[in-house]
Amino acid sequence: MKKTGIITLGIAMSAICANAAGNTKNQTLEPAALTSVEITDAFWAPKLQQWSTTTANDVLDKFEGRHIKDNNPDARNNTLDNFRNVAKGDRDTHNHVNLPWFDGLIYESIRGIADLLATHPDNALKTRVDSIVELIAAAQATEPTGFINTYTQLMENNHRWGENGGLLRWMHDVYNAGMLIEAGVHYYKATGETKLLEVATKMANLMYDYMGPEPKRNLVPAHSGPEEALVKLYRLYDSNPGLASKIDAPVNADNYLALAEFWIDQRGHHCGLPNWGGWGNENAERWIRDNKYADTGKYGNHSRPTFGPYAQDSIPLTEQQTIEGHAVRATLYLTGVAAAAKEDGRKEYTEAASRLWDNMVGRRMYVTGGVGAISFDEKFGDDYFLPSDAYLETCAAVGSGFFSGNMHQLTGDAKYMDEYERVLYNGVLTGISLAGDNYTYQNPLNSTSHARWEWHGCPCCPPMFLKFMGAMPENIYSHRGDEIYVNLYAGSNAMMPIGSTEVKLTQTTSYPFKGDVKLEVNPEKKSKFALKLRIPGWARSQENPYGLYTSTASSPISISVNGKKIDTTVTDGYAVIERKWKKGDVVNLELPMQPRFITAHPEVKDLSGQVAIAYGPMVYCLESIDNNDLDNLSIDTSSSLLLSVSMPKLDNAPAVSGIAVNGKRESQPFRAIPYYLLGNRTKGSPYKVWLPTTR
Ligand code: FUB
Ligand code: ZN
């Protein structure tokens, strides 16, 4: 169902839920190619520049055990030594350093850096990554089969893919392979170089030959990510028929999509044991090792143990009604399902991904876009379980953002981009310090001690941060047929195809600090097409598509073309301007940017009687450094929220002020700052997104 309405005199659209199901391939959207977008934005350009230099090198340094002040000697291990040792021919030498999924983290860093290199060329950084690629290729070259997982090779070489007494949920062979594959694809796209892609293709071939319907082995990833990676590999080869000839390995694009589908379809199909919930993780893991993973004799030829709800492996996708388990795994699984649906048009994938996205966004997502409330197993809680001091791993925020991004490509519905934007400016952006070299793992909304760290024993979040931000520019614009979508507001130049014509778009804006957007539209030749501008949910009094959060935006939205105001049809969250465009046409959009209060659905018992504050796409918080007696403050929601000074030490972001009542029942002004900026002036001091009200 489409959602359609007219913006006149600033009357906001009412919320009507659309079902995304029923796509066909030609209804899907193509994002802008990374290399066709140049970011010129005052907010994003310096950040992307910093992440392409400081952060990219910082992450690689720290994986190499350098520049870490941490007292833990393990933090100084050089992860690359694992590849060196495998390349030397070491096997079962028990000299693997760090956790089994560190290969994957190196590959993820390469993927993120590849995207950043595509938009921010940097010879020194590329040379550094090239030398890591050499090391990976050298390690693979010591294996006739092309198998590579340094943990398995160095620690339990006879247990590949978790078989023969191994435990894939711990060993991460398939996950690491998946991250290698996406790194190979992204590095090729950024540099045109095929070395890593070749390594990745060999690994994909090995998995395709080994895993699948009978008589192959029934193996599925115990950590998602590989599903989308294989869809990307399929897409790359399918759309570049000449590429295979540059690869010294057989290439069969269809096999890669087929394996991704097998991994999705096989979820929930197993022998029913172990009973993860009943036995506890330790006993269940022991049972899998003792029973030898995929023991065919006992449970049938093509059965296997289950990885449990933690790894989205308790029931099949088509039966799943709620998003469950480890939040990073769950969101990346559905990211892969949405990616596969885009390529194969399978309706049951679209329906399931849509249903589970609705459950996530309508009942299990924080106002920052964070997900995964429960620290045990890092998992989703029940519907409406959203306590403000919850876990919320950065990687899970990234996963939810990728999921929303892929759902948007699948359907073109702005509700998905609304949630992508929410997590971009809040749940993910808070994952890094302003200096670009400290990170978060957990992201509670209210805390008395939360702080960014220099490095972590499980540093999965910095690579995921790089992946998300590296890919962000491709989401600013997308296209489908004779439509160009403007999804995000960020100063940029982009070239977008419309039929046989290219359209140059030049966007200037003060977003997210102000709501003015100017778009210059320059088609090569006069062309008729629809320019679709996303009108964010928060600007249409639709804070959340299912009422999980509520707020009101009172000012009108205004759109003009060449200086003349127009009334615009809004369909699926986009204001649609259809006309014959010519060089020099200018569109101006004014979004209503006032600070606003947000309340949660009454079913969210933990947030009953509380409010959060937001301004545009940014959720705000009160830090104790600006607010005495924070612990006892109640917000007076009858007083107005005011936009106040921009803060030079905090990105020049505007503060929001208002009136609170303190523990002595006195009126006290408060100051709020964007959530993503917390903890940049003092480390670990208290802050709150959700505060009680005086009423
Ligand atoms: O399993 C590998 C990584 O460890 C996950 O992505 C993180 O969430 C952490 O559980
Ligand atoms: Zn993480």
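Donors are N, O and S atoms within 2.8 Å of the metal (3.2 Å for Na, K and Ca), and sites may look incomplete since water is not among the atoms. In this predicted model, local features need pLDDT of at least 70 and side-chain atom pairs count only at pLDDT 80 or more, while totals for chains, interfaces and linings use all residues. Residues are numbered from 1 along each chain as its sequence is written, chains are lettered from A and ligands numbered from 1 in the order in which they are written, and side-chain values use heavy atoms, leaving out hydrogens and water.

A good place to begin is the zinc ion (ligand 2), whose donor residues follow the spacing E-x1-C-x64-C-C. Its protein donors are Glu-393 (OE), Cys-395 (SG), Cys-460 (SG) and Cys-461 (SG), at 2.1 to 2.3 Å. The arrangement around the zinc ion (ligand 2) is tetrahedral because the four donor atoms subtend angles of 93 to 121° (for four donors, all angles must lie between 85 and 135 degrees). Cys-395 is buried, with 2% relative accessibility, and Cys-460 is buried at 10% (buried means under 20% relative accessible area, with a 1.4 Å probe and protein chains only).

Next comes Thr-201, which lies in helix H8 (residues 195–210); helices are DSSP runs of H or I with at least four residues, numbered from the N terminus. Thr-201 is buried, at 0% relative accessibility. Leaving aside residues up to four places away in sequence, Thr-201 touches Leu-233, Tyr-237, Ile-247, Pro-250, Val-251 and Tyr-256, where contact means heavy atoms within 4.5 Å.

Conventions:
Tetrahedral: all angles 85-135°; square planar, octahedral: opposite > 155°, others 65-115°. Buried < 20%, exposed > 50% of the residue type's maximum accessible area, 1.4 Å probe, protein only. Helix = DSSP H or I, 4+ residues; strand = E, 2+ residues; numbered from the N terminus.
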